Amino acid sequence: MAAQSDKSAASQAAPQVRPFRLLSQTTLDALTAQVTPVVQQWAAQWGLGQDVALRSTRFTDVKASAWRQRWVDGERGIFFGWQSALVQEIQTAMFPPDHGNAAGQRARLAPIGAQQAFDALLAALKLVLLPPSALRDLQISQPTLEAKTGSGAILLQISIGNQSCDVLLNDAAVRGVVPAKSGTGSLPALGKVNLLHLLRDTPLQLEVEIGRADVPLGSLLTVGVGDVIKLKTALEQPVSVKLPSAKNGTDFCRAYLGKMQDAVAIELVATK
């Protein structure tokens, strides 16, 4: 039982690894190209013409929109957000002010027509971005995970006049819409690299430890010029050669002290 408890605790303490997705401009352009014909066809059908524009960006701000719907299919997730004034903006674009005899009837029908147009836009977007099996999540939450750096999420903004319909696709949804050949930020496999060839000219500093000595504190307080401190290293004993990065004082090699021209030198006798 104790072993099982330890194993359970270790699994709970294990860090959660989140993949870091790279988003290239190619991916953004490919997603825009997939959605643009749908938006253009919708705008033409409802007489909106030049009042509609589309752009895609990397998603980083949870508060970028008022999120109202979330649709899921497995790992795929899409958020839809818009301000309450969006339908009124669609109505203004569809039904310019009319002061003629039909003004009263148009005023009654305009809100209904604008809402129908907006519902048609949402339906068209879901059709191109999600499979038919997608379900609406009635307990919508803020897209905090999608806003994290490297999440791979993309924000589509469909501007209609001064308002916008915002569509947030998580990484799985992006990969479901954009063909792999268009690039989802994955990098090509690296070729073989000769690390020794690349690093052989990198300078390293060696440290030579001649020896050590145990000296009482009282002796150190009275030590003076000319005093001799005996080391534990014998004259015929090789000294330690270390790398600055060596852990726990591990020797890189052993060597004898010597002289080369006017400098102290070492002669290697054994390597680790």
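Visitor: Are K232 and D214 buried or exposed?
Guide: In this predicted model, a residue counts as exposed when its relative accessible area is over 50%. K232 meets that description, and D214 does too. Both residues are therefore classed as exposed.

Visitor: What is the distance between the closest N and O atoms of K232 and D214?
Guide: K232 and D214 are partners in a salt bridge. K232 lies in the loop between α7 (217-222) and β8 (239-242), whereas D214 belongs to the loop between β7 (207-209) and α7, so the pair ties together parts that are 18 residues apart in sequence. The closest N and O atoms of the two residues are separated by 2.8 Å.

Visitor: Which residues are joined into one network by salt bridges that share partners?
Guide: Some salt bridges have a partner in common, and they link their residues into one network. The members of this network are K242, D251 and R254.

Visitor: How many salt bridges are there by the rule used here?
Guide: The rule asks for a side-chain nitrogen of Lys or Arg within 4 Å of a carboxyl oxygen of Asp or Glu. One of the pairs is R70 with D137, at 2.8 Å from N to O. By this rule the count is six.

Visitor: How many residues apart in sequence are the parts that R70 and D137 tie together?
Guide: R70 sits in strand β2 (residues 67-73). D137 is found in the loop between β4 (135-136) and β5 (154-160), and its relative accessibility of 23% makes it partly exposed. The salt bridge between their side chains therefore ties together parts whose separation in sequence is 67 residues.

Visitor: Which helix holds both D171 and R175?
Guide: D171 and R175 form a salt bridge, with their closest N and O atoms 2.8 Å apart. They are four residues apart, a separation of about one helical turn. The helix, covering residues 171-177, is α5.

Visitor: Is D171 buried or exposed?
Guide: Its partner R175, at 37% relative accessible area, is partly exposed. D171 has a relative accessible area of 13%, and the limit for a buried residue is under 20%. D171 is therefore buried.

Visitor: What share of the residues of the protein counts as buried?
Guide: The protein contains seven helices and ten strands. It exposes about 18,600 Å², of which carbon and sulfur atoms supply 55%. Of its 272 residues, the buried share is 29%.

Conventions: Residues are numbered from 1 along each chain as its sequence is written. This is a predicted model: local features need pLDDT of at least 70, side-chain atom pairs count only at pLDDT 80 or more; totals for chains, interfaces and linings use all residues. Side-chain values use heavy atoms; hydrogens and water are left out. Helices (H or I, at least four residues) and strands (E, at least two) are DSSP runs, numbered from the N terminus. Buried means under 20% relative accessible area, exposed over 50%, partly exposed in between (1.4 Å probe, protein chains only). Accessible areas come from the Shrake-Rupley method with a 1.4 Å probe; for residues, only the protein chains shown count as cover.
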